[in-house]
Amino acid sequence: TFARDAGPFAKAFVAHGLPRDFVAQLTAKIDGFEQAIKAREAKKERVDFIRAATAWLEERLAPEVDLHGNLVEMHDLGVLILGKSGIGKSEAALDLVWRGHRLVADDVVKVRRISPTVLRGRAAALLEHHMEIRGLGVIDVAALFGTLATLEERQIDLVVELVEWQGTTEVDRLGLVEERHVLLEVDLARVRIPVRPGRSIAMLI
């Protein structure tokens, strides 16, 4: 029975002169330990799978909205630039990229709420690493400035809204009023910048 049931380690122990009873007890303990390890590894694999599946489902089923704007990363902050069409969002984003910051999305920003307090934005699939500049057409930012000038996805930390300057436009001249912008039920800080010819929007952002 021992010769039939014993594993290679047990046979090796007996061959070296150890008593069969002692070897049998030792291998039983070893087998129990190995089974415990295998059960623990299987449980760990199940836990890892559940964790990965939960993260995948949360990402796929996260609330999402498409915004007309630009998203750039500057000084480790994700800045979402909003404003009406033609106000200069893409030009400001291009100027920021030229200054060493990184483009995430131009024209269309796909925003997802991945947690109750975190929003992430990315470009539409057909617009990745590209920008549309009025009068110039579509440019490839990665080809012009290098792959490090672009970013696939970024958390949104700040909203910058460009508003057309008019004599009746009410703005906070001293910057003492803290404005907020609610997007997908997430509260974000917002800064409104009046735009007029001759102002460097990128410098102000």
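**Why the labels fit: a tour of the model**

Q: Why is Leu-144 called exposed?
A: Leu-144 has a relative accessibility of 57%, and exposed means over 50%, so the label fits. Keep in mind that this is a predicted model. Leu-144 sits in helix H5, which covers residues 141-145.

Q: What makes the nonpolar surface patch that includes Leu-144?
A: Trp-98, Leu-144 and Phe-145 make it, and the patch comes to about 380 Å². A patch residue needs over 30% relative accessible area, and Leu-144 at 57% meets that condition.

Q: Why is Leu-188 called buried?
A: Its relative accessible area is 6%. Buried means under 20%, so Leu-188 earns the name. Leu-188 belongs to strand E11, residues 186-195.

Q: What surrounds Leu-188, leaving aside its neighbours within four places in sequence?
A: Leu-188 is in contact with Leu-119, Ile-156, Asp-157, Val-159, Glu-179, Arg-180 and His-181. In addition, the C-alpha atoms of Leu-188 and Leu-158 are separated by 6.2 Å, although these residues are 30 apart along the chain.

Q: How do you know that Asp-106 has no salt bridge?
A: The nearest side chain of opposite charge is Lys-89, at 8.0 Å. A salt bridge calls for a nitrogen within 4 Å of a carboxyl oxygen, so Lys-89 does not qualify as a partner for Asp-106. Asp-106 is nevertheless buried, and it is found in the loop between strand E3 (102-105) and strand E4 (108-115).

Q: What makes the link between the side chains of Asp-106 and Ser-90 a polar contact?
A: The two side chains come to 2.6 Å, and the cut-off for a polar contact is 3.5 Å. The side chain of Asp-106 also reaches the backbone nitrogen of Glu-132 at 3.0 Å. Ser-90 and Glu-132 are among the residues that Asp-106 touches, and so are Gly-69, Asn-70, Leu-127, His-130 and Met-131.

Q: How do you know that Glu-64 and Lys-110 meet in a salt bridge?
A: The N to O distance between their side chains is 3.5 Å, and the limit is 4 Å. Glu-64 lies in strand E1 (residues 64-74) and Lys-110 in strand E4, so the pair ties together parts that are 46 residues apart in sequence.

Q: Why do Glu-64 and Lys-110 count as partly exposed?
A: Partly exposed is the range between 20% and 50%. Glu-64 is at 42% relative accessibility and Lys-110 is at 23%, so both labels follow.

Q: What makes Arg-113 and Glu-185 a salt bridge?
A: Their side chains meet at 3.4 Å, N to O, and the limit is 4 Å. This pair links distant parts of the chain, 72 residues apart: Arg-113 is in strand E4, while Glu-185 is in the loop between strand E10 (179-183) and E11.

Q: Why do Arg-113 and Glu-185 carry the labels partly exposed and exposed, respectively?
A: Arg-113 has 22% relative accessibility, so it counts as partly exposed. Glu-185 has 69%, and exposed means over 50%, so it counts as exposed.

Q: How do you know that Arg-180 and Glu-178 form a salt bridge?
A: Their side chains meet at 3.0 Å, N to O, and the limit is 4 Å. Elsewhere, salt bridges that share partners join Arg-112, Arg-120, Arg-122, Glu-128, Glu-152 and Glu-153 into one network. The structure holds 17 salt bridges.

Methods
Residues are numbered from 1 along each chain as its sequence is written. This is a predicted model: local features need pLDDT of at least 70, side-chain atom pairs count only at pLDDT 80 or more; totals for chains, interfaces and linings use all residues. Side-chain values use heavy atoms; hydrogens and water are left out. Patches are made of residues with over 30% relative accessible area and no salt bridge: like charges are joined within 9 Å, nonpolar side chains (Val, Leu, Ile, Met, Phe, Trp, Tyr) within 5 Å. Accessible areas come from the Shrake-Rupley method with a 1.4 Å probe; for residues, only the protein chains shown count as cover. Helices (H or I, at least four residues) and strands (E, at least two) are DSSP runs, numbered from the N terminus. Buried means under 20% relative accessible area, exposed over 50%, partly exposed in between (1.4 Å probe, protein chains only). Lys and Arg count as positive and Asp and Glu as negative; His and the chain ends are not counted. A polar contact is a pair of N or O atoms within 3.5 Å; within protein, one must be able to donate a hydrogen and the other to accept it, and residues adjacent in sequence count only if both atoms are side-chain atoms. Contact means heavy atoms within 4.5 Å.
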